[in-house]
Amino acid sequence: MHYLDEGPREGEVVVMVHGNPSWSYYWRHLVRGLRDRYRCIVPDHIGMGLSDKPDDADRALPRYDYTLQSRVDDLQALLAHLGVDGPVTLAVHDWGGMIGFGWALSCMPQVRRLVVLNTAAFPMPADKAMPWQIALGRDYNVGELAIRGFNAFSAGASWLGVERRMPADVRRAYVAPYDSWKNRISTVRFMQDIPLSPADRAWPLLEAAGRALPGYADRPAFIGWGLKDFVFDHHFLARFRRDLPDAEVMAFDDAGHYVLEDKHEVLVPAVRAFLERHPL
C-alpha cells in the first residue's frame, strides 16, 4: 500500500480516504493547504494509484480480495502501522465514505471531526435511481470489458466528474495508474462490489455504517458538495444533512463529483478555517 504522510508528526491528524476511480492525487490541494500544520495521511487503496495491483483469481500469488471489508481492514492496518491511535479528522470522498465510516465503526471515539465530500456512508436512498453508467459496470460483462479494456471509467470520470475542464496534465495524472488490463482490476471490482441489497457482500457493513451515522452529530462536520454529481447527488446530501444537522455545508451548483477539482480554491481555505475553529 502506497500512502502519503505529510506534515508535522505532532500535528493533528487528518486521514483522507479517496474513492473510485481516483487515487490519493485527488487530495493534493487539501494536503498542500494543510501540511504546514496538520499531519495528512492519504492512502492509495490496493489496486489503486501507486499501490500494488494484485490479481484476485483463486490461485493468484499474491491474491487480494477486492471487497469493502478488505478496504476497511487495510485502513486499520495502515493507521496501526503509523502508530495513529489518537484523535483524527476523517475526510472522505466517493467510496472513501463507505471505507472511512466502515473503519470508524470500531474506532468511533477517535473520529473527532468530519470532512465529507460527495460520498455515501449508507445504502442508496430509496428515491435515487441507479445511474445506467454504474449499472453497466456493476452488472454486465460488457461493462467490465469497457473498463478493463479501454479504461472507460477512469477516463470518463476525468471528463464527466467535473464542471470545470481538467487541464490535460491533471487528466493524465488521474488515469496514469490504470494503464493496462491488469492495472484496472480495482476500478471494476469497486463497481462490482457496490451493495444494493442484503444479497451483496458489502451490505451488512454499509448498513451498519448508516445506522451509526447519526452518532457523529455531536462533533464538528464540514460538508462540501458538487450538486452536478450524477451519482452522489442531492439525495445523498439530504441524508447527510438529516443525520448531521449541525454540519457546515458548502454546496455548489457549478461543481461535479470531483468537487475538489472544481472548487479547491474555495474549499481548501474553508476546510482549514473549519479545522481551526474546532481544534482537537
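1. **Aromatic pairs.** Across the whole structure, a search turns up 13 aromatic pairs. One of them joins Trp-23 and Tyr-25, and this pair is stacked. The ring centres lie 5.5 Å apart, with 20° between the planes. Trp-23 and Tyr-25 are both buried. Keep in mind throughout that this is a predicted model.

2. **A pair with another geometry.** Now look at Phe-232 and Phe-236. Their ring centres are 5.1 Å apart and their planes meet at 70°. Why is this pair called edge-to-face? Planes over 60 degrees apart count as edge-to-face, and the 70° here therefore earns that label. Phe-232 and Phe-236 are both buried.

3. **The aromatic cluster.** Some aromatic residues gather in one group. Trp-23, Tyr-25, Tyr-26, Trp-27, Tyr-174 and Tyr-258 make up one aromatic cluster. The stacked pair of Trp-23 and Tyr-25 belongs to this cluster.

4. **Arginines over rings.** Two rings have an arginine over the face. Arg-28 sits over Tyr-25, 4.0 Å from the ring centre. Arg-239 sits over Phe-122, 4.5 Å from the ring centre. Tyr-25 is thus worth a second look: Trp-23 stacks with it, and Arg-28 lies over its face.

5. **Tyr-258, a cluster member.** Find Tyr-258 in the loop between strand S7 (248-252) and helix H11 (259-277). Is Tyr-258 buried or exposed? Its relative accessible area is 2%. The cut-off for buried is under 20%, so Tyr-258 is buried.

6. **Neighbours of Tyr-258.** Leaving out residues up to four places away in sequence, Tyr-258 touches Pro-21, Ser-22, Tyr-26, His-93, Ala-157, Ser-158, Gly-161, Val-162, Met-166 and Tyr-174. Tyr-26 and Tyr-174 are also members of its aromatic cluster. Take Ala-157 as an example of sequence against space. Tyr-258 and Ala-157 are 101 residues apart along the chain, yet their C-alpha atoms are separated by 8.6 Å.

7. **Asn-20.** This residue is in the loop between strand S2 (13-17) and helix H1 (28-34). Its relative accessibility is 4%, so Asn-20 counts as buried. What does the side chain of Asn-20 reach? It reaches the backbone oxygen of Thr-187, at 2.9 Å. Beyond residues up to four places away in sequence, Asn-20 touches Met-48, Asp-94, Trp-95, Phe-153, Ser-186, Thr-187, Phe-190 and Met-191. Asn-20 and His-93 are 73 residues apart in sequence, and 9.1 Å apart from C-alpha to C-alpha.

8. **Asn-183.** Here is another asparagine in a loop. Asn-183 lies between helix H7 (168-175) and helix H8 (185-192). At 18% relative accessibility, Asn-183 falls under the 20% cut-off and so counts as buried. Its side chain makes a polar contact of 2.8 Å with the side chain of Asp-179. Setting aside residues up to four places away in sequence, Asn-183 touches Gly-47, Lys-53, Pro-177 and Tyr-178.

9. **Helix H3.** How many of the residues of helix H3 (residues 95-104) are buried? The count is 10 of the 10, so the helix is largely enclosed by the rest of the structure. Among these buried residues are Trp-95, Phe-101 and Trp-103, along with Gly-96, Gly-97, Gly-100 and Gly-102. The cover over H3 includes S2, H2, strand S4 (88-94), strand S5 (111-119), H8 and helix H9 (203-212).

10. **Cavities.** The whole structure holds 2 cavities of 30 Å³ or more. The largest has about 40 Å³ of space. Which residues line the largest cavity? They are Tyr-66, Thr-67, Leu-68, Arg-71, Trp-95, Arg-189, Phe-190 and Asp-193. Helix H2 (68-81) and H8 each supply at least two residues of this lining. Two lining residues have come up before: Trp-95 and Phe-190 are also contacts of Asn-20. Trp-95 is buried in H3 as well.

Terms used. Residues are numbered from 1 along each chain as its sequence is written. This is a predicted model: local features need pLDDT of at least 70, side-chain atom pairs count only at pLDDT 80 or more; totals for chains, interfaces and linings use all residues. Side-chain values use heavy atoms; hydrogens and water are left out. Helices (H or I, at least four residues) and strands (E, at least two) are DSSP runs, numbered from the N terminus. Buried means under 20% relative accessible area, exposed over 50%, partly exposed in between (1.4 Å probe, protein chains only). A polar contact is a pair of N or O atoms within 3.5 Å; within protein, one must be able to donate a hydrogen and the other to accept it, and residues adjacent in sequence count only if both atoms are side-chain atoms. Contact means heavy atoms within 4.5 Å. Rings of Phe, Tyr and Trp (its six-membered ring) pair if their centres lie within 6.5 Å; planes under 30 degrees apart count as stacked, over 60 as edge-to-face and the rest as tilted. A charge sits over a ring if NZ of Lys or CZ of Arg is within 6 Å of the ring centre and within 35 degrees of the ring normal. On a 1 Å grid over the protein atoms alone, a cavity is a set of points where a 1.4 Å probe fits but cannot get out, and a pocket is an open set with protein on both sides within 12 Å along at least five of seven lines; lining residues have an atom within 4 Å of a point. Grid points are joined across faces, edges and corners, and a volume is the space filled by probe spheres set on the points.
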